[in-house]
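Okay everyone, thanks for coming. I'd like to walk you through one structure today, so have a look at the screen and we'll go from there.

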Amino acid sequence: MGTALRQRLLQDRFESPAHEAALNLLVAAGHLHDQAARLLAEHDLTLTQYNVLRILKGIHPQGHARCEIARRLIDRAPDLTRMIDRLERRGLVERTRSDRDRRQSITRITRRGLEMVERLAPAAAALHRVVSRRLTRPEVAALSRLCEKLYAED
């Protein structure tokens with residue numbers, strides 16, 4: 001394969017082509033994650049907090065129970081309740097009791113949360129451009145398909 005991984009990890013050999021591919025995937029994911037984290041840090045948000053806001057924007061004006069938010073997250077959050085507490089203190093989300101089950105709370109994005117997501121739209125688009133500038137459309141489609149083959153359930 002290419003030399004970028006070898007230079008990045010200062011490593012000449014890998015156990016197998018699959019080992020090299022897995023490392024390449026992890027390094028690429030880390031690269032995108034770091035870029036997104038830097039962009040979001042300017043707005044005092046983590047990638048997972050942004051993901052929660054994005055999920056809630058998609059269902060607005062309804063909301064989701066915490067378990068449904070957790071199910072839809074890209075990265076699993078160890079303490080989603082505290083994260084939602086922080087978003088609520090900032091006025092980005094609100095919680096109400098479920099009509100069906102009073103023990104369950106429903107989290108909804110607020111107007112302020114929607115505004116935050118809109119302010120972040122150019123940054124999110126810039127992150128997507130990182131991918132589209134370096135890969136052709138067919139390569140993007142192939143990468144997506146290959147990634148799904150790795151994590152999709154049998």
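Let's start with E115. In this predicted model, E115 counts as partly exposed, because its relative accessibility is 36%. Its salt-bridge partner is R111, with 2.8 Å from N to O. R111 sits at 62% relative accessibility, so R111 counts as exposed. Why are these two separated by about one helical turn? Because they are four residues apart in helix α6, which covers residues 111–134.

If charge pairing is new to you, here's the basic idea: side chains of opposite charge can pair when their charged atoms come close.

Now on to another pair. E68 forms a salt bridge with R71, and the closest N and O atoms there are 2.8 Å apart. E68 and R71 are three residues apart in helix α4 (residues 66–72), so about one helical turn separates them. R71 is exposed, because its relative accessible area is 57%. And there's a third player: salt bridges with shared partners join E68, R71 and R72 into one network.

One more pair, and then I'll leave charges alone. E88 and R95 meet through their side chains in a salt bridge, at 2.7 Å from N to O. E88 has a relative accessible area of 32%, so E88 is partly exposed. R95 counts as partly exposed too, at 25% relative accessibility. How many salt bridges does a search of the whole structure find? Eight.

What about disulfides, how many does a search of the whole structure find? Zero. As for cysteines, let me mention two. C67 counts as exposed, because its relative accessibility is 51%. C147 is partly exposed, with a relative accessible area of 24%.

Okay, the sheet. Strands of a sheet pair through backbone hydrogen bonds, either parallel or antiparallel. Which is it here, parallel or antiparallel? Antiparallel: three strands form an open sheet, in the order β1-β3-β2. The edge strands are β1 (64–65) and β2 (93–97), and each of them pairs on one side only.

Let's zoom in on the pairings. β2 and β3 (residues 105–109) run antiparallel to each other over five bridges. Along that pairing, E94 stands opposite R108 in β3, and V93 has I109 as its bridge partner. On the other side, β1 and β3 pair over two bridges, again in the antiparallel sense. There, H64 has T107 of β3 as its bridge partner.

What packs on this sheet? Helix α3, residues 47–59, touches β1, β2 and β3, and its direction makes about 90° with that of β3. Helix α5 (residues 80–89) lies across β2 and β3, running at about 115° to β2.

Let me stay with α3 for a moment, since we can do a little check on it. With 13 residues at 1.5 Å a residue, α3 should span 18 Å, and its end C-alpha atoms are 19 Å apart, so the two agree. The buried residues of α3 include Y50, V52, L53, I55 and L56. T48, Q49 and N51 are on that buried list as well.

Last stop: E20, which is found in helix α2, residues 17–41. Is E20 buried or exposed? It's buried, because its relative accessibility is 6% and the cut-off for buried is under 20%. From C-alpha to C-alpha, E20 and P122 are 33 Å apart in space, and they are 102 residues apart in sequence.

That's my tour, thanks for listening!

Note on methods: Residues are numbered from 1 along each chain as its sequence is written. This is a predicted model: local features need pLDDT of at least 70, side-chain atom pairs count only at pLDDT 80 or more; totals for chains, interfaces and linings use all residues. Side-chain values use heavy atoms; hydrogens and water are left out. Two strands pair if DSSP finds at least two bridges between them. Contact means heavy atoms within 4.5 Å. Axes are lines fitted to C-alpha atoms, for helices over the stretch in contact, and angles run from 0 to 180 degrees between N-to-C directions. Buried means under 20% relative accessible area, exposed over 50%, partly exposed in between (1.4 Å probe, protein chains only). The expected span of a helix is 1.5 Å times one less than its number of residues. A disulfide is a pair of cysteine sulfur atoms within 2.5 Å. A salt bridge is a side-chain nitrogen of Lys or Arg within 4 Å of a carboxyl oxygen of Asp or Glu.
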